[in-house]
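Hi,

Here is the structure I promised to pass on to you. Have a look at it first, and then read on for my notes.

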Amino acid sequence: MTKRNGYALLAALAAVVVLISGAVFAGATLGGHGPDDDTQARPRTPLRSAAPATSASWIGTWSTAPAFAEPGTEQGFPGRSIRNVVHTSIGGTSARITLSNLFGVQPLRITHASIAVAATPGAPTAANGTMRRLLFGGSPSVVIPPGGQVVSDPALLKVPYDGDLLVTTYSPTPSGPVTHHPRARQTSYLAEGDRTEDPLGNAYSGQTPYWRYLTAVDVLNGRAEGAVVVIGDSITDGVTSTAGANRRWTDVLADRLDGRYGVLNAGISGNRLLSDGTGPSGLARFDRDVLSRSGAKAVVVVLGINDILRPPHELDPARITSGLEQLARQARARGLRVVGSTIMPFEGTRAHTPRLEAVRDSVNEAIRTRGIFDAVVDFDEALRDPYAPDRLLPAYDSGDHLHPSDEGYRRMGTAFDLAALNRSADAAGV
């Protein structure tokens, strides 16, 4: 090779390097912010048009079920920022959120929304460089009609597994009543004015035990197999677990799954299977709160105790088992595995009677033997006192003889057979 040809080859190689570098830079710019860039987001092309082809898919990392309109919020929270704190079950490379106006009676106008990783668990301060503006169809503003919901555009953000996220919304105008989840067991925050992209938590002096408007966070994940959605009542809601500690039984399950599945909690305290009460019935909300969740692959049903325990008492066990069968059929029709739970003991509560106990026993027998579900998790057997099987074991009892203690929730999470999520449907004909 002559010297002139050698120089020409080197020049050509240099040009290729420049072109490749420019393409990489342009791709990074179109994709949004890098993990250490805390500048404001700009409207951009959809993520899939800017990013290379990937096998990753959208899977829920966190969700909650909207229960009812928050009392006393006829005007909503105009001129205030709402910073929800939520805990992830899987991580990802991008995030998107769902906002709900399910129980609203007028349009909800959101003019600013953001997502960030919390600097420390439960705190309103964002970790350095993680604040991202959320867009809706390329715009920072969105109007959600009464009864409606909206999903944000993707935001490029490294979402941690088993970590806390801060999701903040701001509405400048009255928009109540507020769709919320009242028993979060997690402190969220309020600030005066538009502090949506404020990474510091100093302005967030108001504290709340509710989640407002936010009902789901999805992540782009290439490792997890999908999401497990748990529909239940206060026992799934974790009402007697230590607040802010993520000790619900679903949190224990998520830890055991270790990123293999997202775990989505659709529990509502006081919820019934057959009829509306505290929130829409399990049958009424199953499609919205369970089947429609991103990446759903399996469903766990933990309902029925309030149908028996709360007035009007359901005294016909066949009606409860029929309701459970309906949920199982709907889940299978979507190609989902469905796991059912036995109803846990409640002797010692003021409502307990031998007649109600007989209904519980009959429903549990059907759950165990009739093949209603693809698999069964026997929470009754796992938490009952072997010497008084109609009662919770004292170590698992929060003290009200109905809801588990932290140790009881831990036992529920460890009693769940992870292999149940892989079993094929074996309850043909249900």
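One term before the notes: two strands are taken as paired when DSSP finds at least two bridges between them. With that in hand, please also keep in mind that this is a predicted model.

**The chain as a whole**

DSSP gives the chain 10 helices and 23 strands. Of its 430 residues, 54% are buried. Among contacts with a separation of 6 or more, 80% join residues 24 or more positions apart. The accessible surface is about 17800 Å², and carbon and sulfur atoms account for 54% of that area.

**Strand S1 and its partner**

Let me start with S1, which covers residues 57-63. It is mostly covered, with 5 of its 7 residues buried. S1 runs antiparallel to strand S16 (residues 214-221), and 6 bridges link the two. Which residue of S16 stands opposite Trp 62? That place is taken by Val 217. Keep Trp 62 in view, as the same residue turns up again in the pocket described next.

**The second largest pocket**

This pocket holds about 300 Å³ of space. Its lining is made up of 24 residues, and those nearest the centre are Trp 62, His 87, Arg 248, Thr 250 and Asp 251. Four elements each give two or more residues to the lining: strands S1 (57-63), S3 (80-87) and S18 (261-267), together with helix H4 (249-257). Which element gives the most? That is H4, with 4 residues. By character, the lining divides into 11 polar, 8 nonpolar and 5 charged residues.

**A small open sheet**

The other part I looked at is an open sheet of 3 strands in the order S2-S12-S15, with antiparallel pairing. Why do S2 and S15 each have a side without a neighbour in the sheet? Strand S2 (68-69) and strand S15 (211-212) stand at the edges and have a single partner strand each, so one side of each is left free of any neighbour there. As general background, strands of a sheet pair through backbone hydrogen bonds, in either a parallel or an antiparallel way. Between S2 and strand S12 (residues 179-181) the pairing is antiparallel and runs over 2 bridges. Within that pair, Phe 68 has His 180 in S12 as its bridge partner.

If you open the model, Trp 62 is a handy place to begin: you can look across to Val 217 in S16, and then turn to the pocket centre, where Trp 62 is among the nearest lining residues.

Best wishes

How values were computed:
Residues are numbered from 1 along each chain as its sequence is written. This is a predicted model: local features need pLDDT of at least 70, side-chain atom pairs count only at pLDDT 80 or more; totals for chains, interfaces and linings use all residues. Side-chain values use heavy atoms; hydrogens and water are left out. On a 1 Å grid over the protein atoms alone, a cavity is a set of points where a 1.4 Å probe fits but cannot get out, and a pocket is an open set with protein on both sides within 12 Å along at least five of seven lines; lining residues have an atom within 4 Å of a point. Grid points are joined across faces, edges and corners, and a volume is the space filled by probe spheres set on the points. Ala, Val, Leu, Ile, Met, Phe, Trp, Tyr, Cys and Pro count as nonpolar, Asp, Glu, Lys and Arg as charged, and the others, Gly among them, as polar. Buried means under 20% relative accessible area, exposed over 50%, partly exposed in between (1.4 Å probe, protein chains only). Contact means heavy atoms within 4.5 Å. Accessible areas come from the Shrake-Rupley method with a 1.4 Å probe; for residues, only the protein chains shown count as cover.
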